[in-house]
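This report goes through one protein chain, from its overall fold down to single residues. The sequence and the model come next.

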Amino acid sequence: MMGFSRIAPNSTYLGLPLFRSGRNKDFKFLVEQLDSKLAGWKARTLSKAKKLILIKSSALDVPIYSMQTVKLSSAICSKLDARIRSFWWGRSSNGRKPLCLKAWDALCKPKSLRGLGFRRMRDFNLALLSKWGWNILTGQNSLCLSVLRARYLHHTQFFEASSKAGDSKFWKSILYLKELIREGACYVVGDGCSIDPWKDPWVPNIPNFLPISISKPSVSNTRVKDYFLQQGSWDIAKLALHYSPADVQAISSIRLPLRSKPDR
């Protein structure tokens with residue numbers, strides 16, 4: 001009646017399926033695309049050096065676009081790894097599985113650790129998605145990041161955000177990696193206005209970047225700035241009331257900026 005055409009259930013947009021069932025079949029096309037690309041290369045006639053270049057420069061690029069926006073299932077990642085592993089070792093003349101002379105995990109290590117620098121698809125997928133969360137935390141600007149902040153972080157910070165039923169799968173994939181990002185994320189203290197000293201990671205060189213309090217102040221909305229002196233230094237006496245001597249030493253070693261600037 002409105003003149004709209006019906007969209008087929010298997011329709012795609014920018015190479016990704018519009019409608020997803022949450023099953024492995026949604027991204028089966030990635031395995032098929034990789035199979036098609038590998039089939040065009042004569043694996044048995046290529047040297048290991050040529051295979052290495054082809055895998056790194058072409059084969060690993062097949063799922064990279066999807067991996068930047070979707071957390072693929074372990075089954076799909078395992079199938080992609082298996083296809084590349086089979087191409088690397090090559091099949092025997094009778095079509096049997098290849099003889100793997102070294103563990104794939106060892107080949108995926110950097111060359112500095114005697115590996116070949118191959119990427120495990122699962123780790124590669126999580127790394128690409130984690131980059132979105134990292135860009136949000138570090139204040140990077142782009143149209144996509146602006147939309148995510150306006151839609152999901154209007155009244156909360158990234159580490160405090162939680163997934164809701166109506167959230168997009170893209171945002172849910174980013175939030176899935178929140179704890180992974182937290183393990184390696186640490187605030188750089190600026191004006192101390194936005195850092196919660198009890199929840200946010202902000203002290204480098206200590207486990208989890210979060211000092212353990214021996215007693216919390218009665219005020220619930222404490223911020224790191226409450227431990228500053230007017231001279232632009234740390235209030236050691238006040239820190240000693242709430243943290244252990246080791247943590248106080250770690251905190252006091254943080255250099256405060258000469259000019260006030262936001263935390264990041």
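In which helix is the place of Ser 66? Ser 66 belongs to helix H3, which covers residues 64–67. The structure is a predicted model, and the sections below describe its fold, one helix pair, its aromatic rings and several loop residues.

## Overall fold

The protein chain contains eleven helices and two strands. Their order along the sequence is β-β-α-α-α-α-α-α-α-α-α-α-α, with the two β elements written ahead of the α elements.

The protein chain has 264 residues, of which 38% count as buried. Among contacts with a separation of 6 or more, 57% are between residues 24 or more positions apart.

## Ser 66 in helix H3

Ser 66 has a relative accessible area of 4%. The cut-off for a buried residue is under 20%, so Ser 66 is buried.

Leaving aside neighbours within four places in sequence, Ser 66 is in contact with Leu 16, Phe 29 and Leu 30. Leu 30 is also one of the H1 residues in the contact with H4, which is described next.

## Helices H1 and H4

Helix H1 spans residues 28–39 and helix H4 spans residues 74–89. The two pack with their axes 9 Å apart and at an angle of about 10°. Because of that angle, H1 is roughly parallel to H4.

On the H1 side, the contact is made by Lys 28, Leu 30, Val 31, Leu 34, Asp 35 and Leu 38. H4 contributes Ile 76, Lys 79, Leu 80, Arg 83, Ile 84 and Phe 87. Sorted by class, the contact has eight nonpolar and four charged residues, and no polar ones. The charged residues are Lys 28 and Asp 35 of H1 with Lys 79 and Arg 83 of H4.

## Aromatic rings

A pair of aromatic rings is described by the distance of the centres and the angle of the planes. The structure holds twelve such pairs. One of them joins Trp 88 and Trp 89, with 6.4 Å centre to centre and 70° between the planes, an edge-to-face arrangement. Trp 88 has 6% relative accessibility and therefore counts as buried. Trp 89, at 16%, also counts as buried.

Phe 228 and Trp 234 form another pair, with ring centres 5.1 Å apart. Their planes are at 80°, so this pair is edge-to-face too. The two residues fall into separate accessibility classes: Phe 228 is partly exposed at 22%, whereas Trp 234 counts as buried at 7%.

## A ring cluster and two lysines

Which residues do ring pairs link into a cluster? The members are Trp 88, Trp 89, Trp 104 and Phe 118. Trp 88 also has a charged residue over its face: Lys 48 lies there, at 4.6 Å from the ring centre. A second case of this kind involves Tyr 176, where Lys 71 lies over the face at 4.4 Å from the ring centre.

## The loop after H4

Lys 97 is found in the loop between H4 and helix H5, which covers 104–107. Is Lys 97 buried or exposed? Its relative accessible area is 73%. The cut-off for an exposed residue is over 50%, so Lys 97 is exposed.

Lys 97 and Ser 86 are eleven residues apart in sequence. In space, the C-alpha to C-alpha distance between Lys 97 and Ser 86 is 7.6 Å.

## The loop between H9 and H10

Helix H9 (178–184) and helix H10 (236–242) are joined by a loop that includes Asn 205. Phe 209 is found in this loop, and so is Pro 204. Asn 205 has a positive phi, near 70°, in a residue other than glycine. Phe 209 is not a glycine either, and its phi is positive at about 60°.

Asn 205 is exposed, with a relative accessible area of 76%, while Pro 204 counts as partly exposed at 33% relative accessibility. What does Pro 204 touch, not counting residues up to four places away in sequence? Its contacts are Cys 186, Phe 209 and Ile 254. Pro 204 and Tyr 187 are 17 residues apart in sequence and 8.6 Å apart in space, C-alpha to C-alpha.

Notes
Residues are numbered from 1 along each chain as its sequence is written. This is a predicted model: local features need pLDDT of at least 70, side-chain atom pairs count only at pLDDT 80 or more; totals for chains, interfaces and linings use all residues. Side-chain values use heavy atoms; hydrogens and water are left out. Rings of Phe, Tyr and Trp (its six-membered ring) pair if their centres lie within 6.5 Å; planes under 30 degrees apart count as stacked, over 60 as edge-to-face and the rest as tilted. Buried means under 20% relative accessible area, exposed over 50%, partly exposed in between (1.4 Å probe, protein chains only). A charge sits over a ring if NZ of Lys or CZ of Arg is within 6 Å of the ring centre and within 35 degrees of the ring normal. Axes are lines fitted to C-alpha atoms, for helices over the stretch in contact, and angles run from 0 to 180 degrees between N-to-C directions. Helices (H or I, at least four residues) and strands (E, at least two) are DSSP runs, numbered from the N terminus. Angles under 35 degrees count as roughly parallel, over 145 as roughly antiparallel, 65 to 115 as roughly perpendicular and the rest as oblique. Contact means heavy atoms within 4.5 Å.
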